[in-house]
Amino acid sequence: MSQSLLDRAAQRPARLGVIDCDVHHALRSPKDIHPYLSRKWRDHLATYGSRRPVPFIGSSPYFKSAPALSRKDTWPPDGGPPGSDLKFLQEQLLDRYGIETGMLHLLSISGMDQRNQEFGAALCRAINEWQYAEWTQHDRRLKAAIVVPGEDAPAAVREIEHWAGNKDFAQVSMVTHTIEPLGRRRYWPIYEAAAAHNLPIGLHTSGYNGHAVTPTGWSSYYAEEHHEVAISQQALVTSLVCEGVLARNPTLRVVLVEAGVAWVAPLCWRLDQHWRRMRDEVPYLDRPPSTYIKTQMWFTTQPMDEPEKPEHLSKMLDWVGWDRLLFATDYPHWDFDDPETAIKIPLTEQQRRMLFRDNARAAYNLD
Amino acid sequence: MSKHVVALAREIPPGNRKLVTVRGRPIAIFNIKGEFYGLLNRCPHQGGPMCEGVLTGLIQSDDPGTYQYSRAGEILRCPWHGWEFDVKTGQSWCDPEKVTVRNYPVEVAPGQRVVQGPYVAEKIPVTLEEQYVVVEV
């Protein structure tokens, strides 16, 4: 415990410029999206509402440990929920920490989760228009993700093609709790389109599919579930690898967001062990599974692990591979990682550059 | 160490707090049921601003299904990651010996005493009739 404290850490203002790979903007009001929806879909929303495959009608199945899941000091002074006020986000995050690029992930509304898939596709387009006009055009440091209605692959491909080539969008984003595991064939056209347009797929833990996050049933406590998203992301990585998504799209890049990183190393070991024993079941994997993970996947560090002895974290990150790590704050959420204080181990200059900036430039193909 | 007049006592009613800066240090002053306490405005974990934390009570349990709630309003939770601290001592609940927020002695002094010194009160106009919050830094 004592080893994870500030006074034992080298305080390190991240002077080199940070690429923050998980920033949450938000609608100030659900009405913000209305101007970007057609009359038909505005009427639909007013009459039938946003309906997601959620077992808790009228509420979120996710636990909350803080209002809006956010740091208490992130509520904008001029009103609106955390993340909804660009000026305050600039002050509190981008300017404060010298963030040169912030990767936006919108969680407060989702098109991919809509049970009415046509509405979901319209909502994705509206969200993308809103992100483009109201965020990326006001601060060039912010890069949006093309949100797609991933359960309807042809519609998702149309959305990718609509925005491809627009440098204000750095990736294609899908929810991670899906109808089938994301490696399954129904999603393959989306990966092909993303690879064809040189866009990584960003998979931020999110979404509802009616199942518990854990494969062992609904947990009682947030203290359980906060960790269980990492388990669900392991299943997601395993699916993408074992179904051959990475093998058949060798230029596809995938970024896993908000599940930490410590689990990546043992997952690679286990998958490689299985491959040596059962390779003939997945014969299209002509190399050990870890090879695909360690060339085509990146992982955001937040929430950063805090082992009792910091040197254990150094070892763990060595095992994962320094070139796989992307720093993320998760601003404005309550489990925010501060760029200056979250990583309590000494870094070499090269590790610092990779973690805070250069790996993201490679993963997102930034100039 | 020197004593600094940082606020009128009535500016910070019970249950309230005020962020002040003394000798360059941001210090959160809390009024807990009429007693004043000062904590560095920086969580020892990742640096969250303690002054914006929620004051709550201490929940303890001997067994799932039973609990005791005590010390209402005396436990300060960091506004970022929710770590719990005793607002009176700065000690954390998770590791009270090693994990603490730096605390500063705070007292309430009448204006009559404050004007005699050796208090430092350059930012607060002092009148004889008022009560003042004084922090020692």
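In which sense do strand S3 (residues 142-147) of chain A and S4(A) pair, and over how many bridges? The two strands pair in the parallel sense, over four bridges. As you look for this spot, bear in mind that the model is predicted. One place to put your cursor is A:Val147, whose bridge partner in S4(A) is A:Ser173. Strands of a sheet pair through backbone hydrogen bonds, either parallel or antiparallel. S4(A) is also worth a look for its surroundings: six of its six residues are buried, so the strand is largely enclosed by the rest of the structure.

One of the elements beside that strand is helix H5 (residues 188-196) of chain A. Its residues A:Ile190, A:Tyr191, A:Ala193 and A:Ala194 are buried. Around the helix axis they cover an arc of only 165°, which puts them on the same side of H5(A). The spacing of these positions fits a simple rule of helix geometry. An α-helix has 3.6 residues a turn, so residues three or four places apart point the same way. The buried residues of H5(A) pack against helix H4 (153-163), strand S4 (169-174), strand S5 (201-204) and helix H7 (245-248) of chain A. Following H5(A) comes A:Asn198, with a positive phi near 60°.

Further along chain A, two helices meet. Helix H8 (residues 264-278) and helix H9 (residues 289-296) of chain A pack with their axes 7 Å apart and at an angle of about 140°. That angle makes H8(A) oblique to H9(A), because the class of roughly antiparallel is kept for angles over 145 degrees. On the H8(A) side the residues involved are A:Cys268, A:Leu271, A:Asp272 and A:Trp275, and they meet A:Pro289, A:Ser290 and A:Ile293 in H9(A). Sorted by class, this contact has five nonpolar residues, one polar and one charged.

Now for some backbone details in the loops of chain A. Most residues other than glycine have a negative phi, and most peptide bonds are trans. Against that background, A:Ala68 has a phi near 55°, a positive value in a residue other than glycine. A:Leu69 also has a positive phi, near 55°. A:Ala68 is found in the loop between helix H1 (39-48) and helix H2 (86-97) of chain A, and A:Leu69 has its place in the loop between H1 and H2 too.

Are these two residues buried or partly exposed? A:Ala68 is partly exposed, because it has 19 other C-beta atoms within 10 Å, and a residue counts as buried if 20 or more other C-beta atoms lie within that distance. A:Leu69, with 20 other C-beta atoms within 10 Å, is buried.

The peptide bonds have their own exceptions. A cis peptide bond joins A:Gln302 and A:Pro303, with omega about -5°. A:Pro303 lies in the loop between strand S7 (297-300) and helix H10 (310-320) of chain A. From A:Tyr331 to A:Pro332 the peptide bond is cis as well, with omega near 0°. Look for A:Pro332 in the loop between strand S8 (325-326) and helix H11 (349-363) of chain A.

Let us move across to chain B. Where the two chains touch, 15 residues of chain A are in contact with 16 residues of chain B. The side of chain A that touches chain B has six nonpolar, three polar and six charged residues.

Chain B has one helix and ten strands, and from the N terminus on its elements run β-β-β-β-β-β-β-β-β-α-β. Its C-alpha atoms fill a box of roughly 55 × 25 × 20 Å along the principal axes. Of its 137 residues, 35% count as buried. Among the contacts in chain B between residues at least 6 apart in sequence, 49% join residues at least 24 apart.

Within chain B, four strands form an open sheet in the order S2-S3-S4-S8, with antiparallel pairing. Strand S2 (17-22) and strand S8 (103-104) stand at the edges, each with a single partner strand, so one side of each is left without a neighbour in the sheet. The partner of S8(B) is strand S4 (residues 35-40) of chain B, and these two pair in the antiparallel sense over two bridges. To find the pairing on screen, start at B:Leu39, whose bridge partner in S8(B) is B:Asn103.

How values were computed. Residues are numbered from 1 along each chain as its sequence is written. Chains are lettered from A and ligands numbered from 1 in the order in which they are written. This is a predicted model: local features need pLDDT of at least 70, side-chain atom pairs count only at pLDDT 80 or more; totals for chains, interfaces and linings use all residues. Two residues are in contact if their C-beta atoms, placed from the backbone, lie within 7 Å. Ala, Val, Leu, Ile, Met, Phe, Trp, Tyr, Cys and Pro count as nonpolar, Asp, Glu, Lys and Arg as charged, and the others, Gly among them, as polar. A residue is buried if 20 or more other C-beta atoms lie within 10 Å of its own, exposed if 12 or fewer, and partly exposed in between; C-beta atoms are placed from the backbone. Axes are lines fitted to C-alpha atoms, for helices over the stretch in contact, and angles run from 0 to 180 degrees between N-to-C directions. Angles under 35 degrees count as roughly parallel, over 145 as roughly antiparallel, 65 to 115 as roughly perpendicular and the rest as oblique. The arc is that of the directions from the helix axis to the C-beta atoms. Two strands pair if DSSP finds at least two bridges between them.
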